[in-house]
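Me: I've got this model open and I'd like a close look at a single part of it. Please take your time and connect that part to the rest.

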Amino acid sequence: ASAKQRAGRAGRVRPGKCYRLYSEEDLGRMEADTAPEIQRCDLTALIMTIKALGVKNVLAFDLMSVPSAEALSHGMESLYALGAMDDHADLTELGK
């Protein structure tokens with residue numbers, strides 16, 4: 001999707017060309033849409049922000065694009081390992 005979006009920008013203001021550094025065959029093998037950022041990034045900062053807003057259960061928080069439980073769990077484990085979250089999944093002074 002982003003490859004087609006970039007090509008559309010090539011001639012938007014004035015005549016232009018789009019050069020791709022891959023073959024049409026490679027373009028055909030690419031995914032049609034990119035996964036939402038929340039599903040492909042580290043979630044530790046997001047979890048800290050949600051917890052700072054007073055949300056107790058991050059796993060039940062309503063997000064538009066829900067990340068995997070594994071990704072949320074990994075983020076919480078990272079915060080715990082860094083000392084930013086305690087045994088009760090609350091932010092410590094360091095996490096605040």
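What follows is my request for one spot, then one long reply.

Me: Could you zoom in on L79 and tell me where it lies, whether it is buried or exposed, and which residues it touches? I'd also like to hear about the neighbouring Y80 and the helix it lies in, and then about the salt bridges found in the whole structure.

Reply: Sure. Keep in mind that this is a predicted model, with a mean pLDDT of 83 for the protein and 88% of its residues at 70 or more. Confidence bottoms out in helix α1 (residues 2-9), where the mean is 68, and peaks in helix α3 (residues 44-52), at 92. Where pLDDT is low, don't read the predicted coordinates in detail.

A little background before zooming in. The protein has four helices and zero strands, so to speak a plain α-α-α-α run from the N terminus on. Of its 96 residues, 19% are buried. The protein exposes about 7600 Å², and carbon and sulfur atoms supply 54% of that. As for contacts between residues at least 6 apart in sequence, 47% of them join residues at least 24 apart.

Now to your residue. L79 sits in helix α4 (residues 69-81). Its relative accessibility is just 2%, and since buried means under 20%, L79 counts as buried. Leaving out residues up to four places away in sequence, L79 touches T44, I47, M48, A84 and M85. T44, I47 and M48 fall within the range of helix α3, residues 44-52. If you want a distance to check in your viewer, take L79 and L94: they are 15 residues apart in sequence, and their C-alpha atoms are 10.0 Å apart.

Three of those contact partners turn up again in the bigger picture. The largest nonpolar core has nine residues: L43, I47, I50, V58, L72, M76, L79, A84 and M85. Helices α3 and α4 each supply at least two residues of this core, and the largest share, three residues, comes from α4. In general, nonpolar side chains in soluble globular proteins tend to be buried together. V58 is another member of this core, and it touches I47, I50, K51 and L72, again not counting residues up to four places away. I47 is thus a contact of L79 and also a contact of V58.

Step one place along the chain and the picture changes. Y80 lies in helix α4 too, but at 46% relative accessibility it counts as partly exposed, because that value falls between the 20% and 50% cut-offs. With residues up to four places away left out, Y80 touches M85, D86 and D87. M85 is therefore on the contact lists of both L79 and Y80. One of the Y80 contacts has a polar side to it: the side chains of Y80 and D87 make a polar contact at 2.8 Å. For another distance to check, the C-alpha atoms of Y80 and T92 are separated by 9.3 Å, with their positions 12 residues apart along the chain.

On to the charged pairs. Side chains of opposite charge can pair when their charged atoms come close, and a search of the whole structure finds four salt bridges. One of them is K56 with D90, where the closest N and O atoms are 3.6 Å apart. This pair links distant parts of the chain, with K56 in the loop between α3 and α4, D90 in the segment after α4, and 34 residues from one to the other. K56 counts as exposed at 63% relative accessibility, whereas D90 is partly exposed at 27%.

Helix α2 (residues 24-29) has a more local arrangement to look at, with E25, D26 and R29 linked in a network of salt bridges. R29 and E25 meet through their side chains at 3.4 Å, N to O. They are four residues apart in the helix, so about one helical turn separates them, and both are exposed. R29 also forms a salt bridge with D26, with the closest N and O atoms 2.2 Å apart; these two are three residues apart, again about one turn of the helix. R29 is exposed at 57% relative accessibility, while D26 is partly exposed at 29%.

To pull it back to your spot: L79 is buried at 2% and belongs to the nine-residue core, while Y80 is partly exposed and makes its polar contact with D87.

Definitions and conventions. Residues are numbered from 1 along each chain as its sequence is written. This is a predicted model: local features need pLDDT of at least 70, side-chain atom pairs count only at pLDDT 80 or more; totals for chains, interfaces and linings use all residues. Side-chain values use heavy atoms; hydrogens and water are left out. pLDDT is the predictor's confidence in each residue, from 0 to 100. Buried means under 20% relative accessible area, exposed over 50%, partly exposed in between (1.4 Å probe, protein chains only). Contact means heavy atoms within 4.5 Å. Accessible areas come from the Shrake-Rupley method with a 1.4 Å probe; for residues, only the protein chains shown count as cover. A polar contact is a pair of N or O atoms within 3.5 Å; within protein, one must be able to donate a hydrogen and the other to accept it, and residues adjacent in sequence count only if both atoms are side-chain atoms. A nonpolar core is a set of buried Ala, Val, Leu, Ile, Met, Phe, Trp, Tyr and Cys residues joined through side-chain atoms within 4.5 Å.
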